[in-house]
Amino acid sequence: MPARLFLFLVSLLLALGAGAAPKSPDGRHLPPDIARIVARGELVVAMLGTDTPPFFYERDGELHGIEVDLARSIGRELGVKVRFDRSARTFNQVVDIVAAGDADLGISKLSRTLARMQAVRFSDPYLSLGHALILNRLSFAQLAGTRPLPEVVRDYRGTLGVIAKSSFADYARTNFPHAHVVEYPGWPEVMAALEKGDVTAAYRDEFEVKRVFRSNPKMALGFRSVTFKDLRDALGIAVNVNSATLLAFVNECLAQRGDKLTVQKVLDYREP
């Protein structure tokens, strides 16, 4: 078969297979991943069940926060309401819900990790945070001896508290391979272990670390923080791997947002 004829037949088959995009209830031709949401009349967003202010938190029976506002703005652009699925007990479970197709999006202070990218697609980052440690001054001094802080931190070999099944549990094993990583159910438990001296350092993003010292300035007496400018935690929106058009739509929504997030803006967030 001549090459030109072969290419023509392939093009014809692709065109016939693609067909027209399905119509939405209002008559618009929409791709399947968007049409499904519009026909349903709601955008389902997976979000961690544990409040993480100011990103998402419940007050007086209503959800509030930066990421709640972000989810609702995407819903408005689609012309649908938003339903939040907060059944996830861990950040990784939020990703699992999206990967299984039980939610359209995962918006839950999710780090764009390589492990998670094997299960879902991620939007462009909407906030980038430096990695940070909180150090117990006494325990760290005993660990460090006479060695300078940068040397000890970069080759950290002490105990390191992290939230179980979180991005920082993965980051800890990659960035501090000689540390003894101890996982706790949540951030309050990590901080309690640090204060008791059960771990010498706690590992999370710079926002959470800065918030600890802002909420309790006396913490600086017994603890100190270290921020890594070369280690970044990029937050993104999780999308099912079969929802390519929805992913492009979410990226455009983020690109058109006039008020770009920074660490300082998140620290200074006040509910409108």
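Contact here means heavy atoms within 4.5 Å. Keep that in mind for the exercises below.

This is a predicted model, where local features need pLDDT of at least 70 and side-chain atom pairs count only at pLDDT 80 or more, while totals for chains, interfaces and linings use all residues. Residues are numbered from 1 along each chain as its sequence is written, and side-chain values use heavy atoms, with hydrogens and water left out.

**Exercise 1. List what Y126 touches, then place Y126 in a core.**

Step 1. Skip residues up to four places away in sequence; Y126 then touches E67, L70, I107, K109, L235, G236, I237, L254 and L261.

Step 2. Now for the term: a nonpolar core is a set of buried Ala, Val, Leu, Ile, Met, Phe, Trp, Tyr and Cys residues joined through side-chain atoms within 4.5 Å. Buried means under 20% relative accessible area, exposed means over 50%, and partly exposed is in between (1.4 Å probe, protein chains only).

Step 3. The largest nonpolar core has 53 residues, and Y126 is among those with the most contacts inside it, along with L43, I74, L105, I107, L127 and I237.

Step 4. Which element gives the most to this core? That's α3, with 6 residues. (Helices are DSSP runs of H or I with at least four residues, strands are runs of E with at least two, and both are numbered from the N terminus.)

Step 5. Don't stop there: another core, of 21 residues, lies apart from it and includes F140, A144, A201 and Y203.

**Exercise 2. Work out how α3 and α11 are arranged.**

Step 1. Find the helices: α3 covers residues 66-78 and α11 covers residues 244-255.

Step 2. They pack at an angle of about 115°, with their axes 11 Å apart. Axes are lines fitted to C-alpha atoms, for helices over the stretch in contact, and angles run from 0 to 180 degrees between N-to-C directions.

Step 3. Name the arrangement. Under 35 degrees counts as roughly parallel, over 145 as roughly antiparallel, 65 to 115 as roughly perpendicular and the rest as oblique. So α3 and α11 are roughly perpendicular to each other.

Step 4. Look at who meets whom: L70, I74, E77 and L78 in α3 meet F249, V250, C253 and L254 in α11.

Step 5. Sort the residues of this contact: 7 are nonpolar, none is polar and 1 is charged. (Ala, Val, Leu, Ile, Met, Phe, Trp, Tyr, Cys and Pro count as nonpolar, Asp, Glu, Lys and Arg as charged, and the others, Gly among them, as polar.)

**Exercise 3. Do the same for α2 and α11.**

Step 1. This pair packs at an angle of about 80°, with axes 6 Å apart. That makes α2 roughly perpendicular to α11.

Step 2. D33, I34 and I37 of α2 make the contact with A244, T245, L246 and F249 of α11.

Step 3. By class, you get 5 nonpolar, 1 polar and 1 charged.

**Exercise 4. Decide for R116 and L143: buried or partly exposed?**

Step 1. R116 sits in the loop between β5 (105-106) and β6 (121-122). Its relative accessible area is 5%, so R116 is buried.

Step 2. R116 and S167 are 51 residues apart in sequence, with 9.0 Å from C-alpha to C-alpha. S167 is also one of the residues that R116 touches.

Step 3. L143 lies in helix α5 (residues 137-144). With 30% relative accessibility, L143 counts as partly exposed.

Step 4. Leaving aside neighbours within four places in sequence, L143 is in contact with V152, Y156 and G158.
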